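Here are a few exercises to help you find your way around a new structure. Try each task yourself before reading the solution beneath it.

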Amino acid sequence: MAYAQVLSGIYSISFSQVESGINHKKQTQVCMEMHKDKYSISSEHSTMKIPHVLSVAGSDSGAGAGIQADLKACAARGVYCSTVITAVTAQNTVGVQGVDIVSDDFVAKQLRSVLSDMQVDVVKTGMLPSVTVVNILHQNLREFPVRALVVDPVMVSTSGDVLAGPSILTGFREELLPMADIVTPNLKEASALLGGLKVETISDMRSAAKLLHDMGPRNVLVKGGDLPDSLDAVDIFFDGEDFYELRSSRLKTHNTHGTGCTLASCIAAELAKGSSMLLAVKAAKCFIETALDYSKDIVIGNGPQGPFDHLLRLKRNIRKSYGQDRFNPNDLFLYAVTDSGMNRKWDRSISDAVKAAIEGGATIVQLREKDIETRDFLEAAKSCLEICRHHGVPLLINDRIDIALACDADGVHLGQSDMPAHVARTLLGPEKIIGISCKTPEQAQQAWTDGADYIGCGGVYPTNTKANNPTLGLDGLKSVCSSSKLPVVAIGGIGISNAGPVMAMDMPNLKGVAVVSALFDKECVLTETRKLHAVLVETAATIAK
Ligand SMILES: Cc1ncc(COP(=O)(O)OP(=O)(O)O)c(N)n1
Ligand SMILES: Cc1ncsc1CCOP(=O)(O)O
Ligand SMILES: [Mg+2]
């Protein structure tokens, strides 16, 4: 808190001084004064360390790749990013029109400024235009060691323009790769690093990964984006012992400029947050896939390869996956839980029902499909996910971790007799949402220990939707809420007539109601959801008065 306040203090003072015409030197002094303040305040009140990536790379005026991509990728992943600019390129979606290389001395100066002061966790390299810059980086990293070094051996831009000459190869081989925790070449870069060896197939990629690993990096990711179009996008990850074939389906989009820089930055960001290497690589791939999918139709520039949008999360208002705010407890406000029997009875598809619920105001959706075939469940989940992503509404899967993983849903909801939450967490990774049904304070405590994100508490009122489910009443709900460290959503027999009294209990961590029949055992899901939403809004407004 103190840290944020101090930072905003620095910014507001320097901006207002600029506006009032105070010269640069004076402005710097003011900032330094504030920095002094920062140290005194932060040493007394704040110990919050923000994960920090330093990007050493070239600037891309089109902002799709290079330093600009690195800044956006780190911002999207919730990580601070400082920058050392090695070259300034004039480029756009057509190609690279010019390159102005920053002097070696000035690269050295920038490196020292950041590394000597700013507690960098991970260094990520992109365009390194000369062997001397590689030497300088090498020396600086010896003097100021960091937790990890991610080397993206940029040599040629996606438009085919050369960004570093062949002389750089010696620098990579002799100085950077032996220090690197991971190197992330594409097929052409892997081939160049290996003296022109043919790297054209998945089998070549494996051999290349092994040979590159022999040069010293702890891990190698050979990116197969340039494999023939008919194939899935396959990357080969090699950690010195095992090979992993990381596949993702190939998206039809021209907006791929900057994917290499972004992938390496995301890996760096995840490492800075403390992730293991394999999880960092997987999370980075998942981010790229989501961002490319989200950006597939955007139009920026007239050239053949456009940039994509790293900050989709902010625009889609998605708390989905990235960093600390991947789950927002307020999403539990109006929690729609599907039931295939009910939707069948009213002759509508699961996805039509979900769409109507979201349009009516549902803030999170759970697919609770107890009696459909796995294949049908997966198909329904995929179409619902598309709808939910479009609206920025998280989609959870009831009981079925396999379905959640297969469609990359936002998480799961599990009961006391389903898979234990800590096992689910291991399978799903840190970024997915996990909800657990709890009827007692002990279960709520265990859910917290196991790494759940929220608990569902009920049945609050009698219900026909779930057989043999004991009713807790408002008292039972209150007792669980009082002892739960996690946010709570109330479930069971809740609808328009009684949602008000549930929320009016005004327990701080009771964030909303989860409902099945009140929405889906009705002719018009849209109307019923709107009505329930209105009740919840009205109750919240009354409580706030
Ligand atoms: C939000 C929410 N809370 C509780 C439940 C019930 O889950 P569970 O106890 O596993 O029972 P089933 O739904 O699987 O019958 C829920 N689904 N959602
Ligand atoms: C799944 C579940 N878990 C506890 S009660 C319940 C059923 C809720 O359904 P409804 O909202 O129709 O009462
Ligand atoms: Mg269950």
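**Exercise 1. Sort the residues around ligand 1 by class, then find where they come from.**

Solution. Keep in mind that this is a predicted model. Begin with the classes: the shell around ligand 1 has six nonpolar, seven polar and four charged residues. Next, pick out the nearest ones. Of the 17 residues around this ligand, Gly415, Ser437, Gly456, Ile491 and Ala514 come nearest. Finally, look at which elements supply two or more residues to the shell: they are strand S10 (334-337), strand S13 (411-414), strand S14 (433-438) and strand S16 (488-491).

**Exercise 2. Do the same sorting for ligand 2.**

Solution. Here the shell holds five nonpolar, eight polar and one charged residues. Now for the nearest neighbours: Thr463, Thr465, Gly492, Val516 and Ser517 lead the 14 residues around ligand 2.

**Exercise 3. Trace the barrel and find a helix that packs on it.**

Solution. Start by counting elements: the chain has 21 helices and 17 strands. Eight of the strands make a closed barrel, which runs S10-S11-S12-S13-S14-S15-S16-S17 with parallel pairing. On average, neighbouring strands of this sheet are turned by 25 degrees against each other, if you ignore direction. Then zoom in on one pair. S13 and S14 run parallel and are joined by four bridges, and valine 412 sits opposite isoleucine 434 in S14. Last, add helix H17 (residues 441-449), which packs on the sheet and touches S14 and strand S15 (454-458). The direction of H17 makes about 165 degrees with that of S14.

**Exercise 4. Lay out the open sheet and name its edges.**

Solution. A quick reminder first: strands of a sheet pair through backbone hydrogen bonds, either parallel or antiparallel. In this open sheet, nine strands follow the order S3-S2-S1-S4-S5-S6-S7-S8-S9, and the pairing is mixed. The edges are strand S3 (96-101) and strand S9 (243-248), since each pairs on one side only. Now step inside the sheet. Strand S1 (residues 52-60) runs parallel to S4, with four bridges joining them, and valine 56 stands opposite threonine 125 in S4. To finish, place helix H4 (residues 104-115): this helix lies across S1 and strand S2 (80-91), at about 165 degrees to S2.

**Exercise 5. Decide whether proline 129 is buried or exposed.**

Solution. First locate the residue: proline 129 is in the loop between strand S4 (122-125) and helix H5 (131-143). Next, count neighbours. Proline 129 has 21 C-beta neighbours inside 10 Å, and the cut-off for buried is 20 or more. So proline 129 counts as buried. You can also check a partner from elsewhere in the chain: valine 154 is 25 residues away along the chain, with 9.3 Å between the two C-alpha atoms.

**Exercise 6. Find the nonpolar cores.**

Solution. Take the whole chain first: buried residues make up 47% of its 545 residues. Then go to the largest nonpolar core, which has 78 residues. Val53, Val122, Val150, Ile267, Ala268 and Ala284 have the most contacts inside this core. Follow one of them: leaving out residues up to four places away in sequence, isoleucine 267 touches Val150, Ile182, Ala280, Val281 and Ala284. Another core, of 71 residues, lies apart from the largest one, and its members include Val393, Ile397, Ala499 and Leu532. As a last step, zoom back out to contacts between residues at least 6 apart in sequence: 65% of these join residues at least 24 apart.

Key:
Residues numbered from 1 in each chain as written. Chains lettered and ligands numbered in written order. Predicted model: local features only at pLDDT ≥ 70, side-chain atom pairs only at ≥ 80, totals over all residues. Near = placed C-beta within 6 Å. Nonpolar A, V, L, I, M, F, W, Y, C, P; charged D, E, K, R; others polar. Buried ≥ 20, exposed ≤ 12 C-beta atoms within 10 Å, placed from the backbone. Pairing = 2+ DSSP bridges. Contact = placed C-beta atoms within 7 Å. Axes fitted to C-alpha atoms, helices over the stretch in contact; angles between N-to-C directions. Core = buried A, V, L, I, M, F, W, Y, C linked by C-beta atoms within 7 Å.
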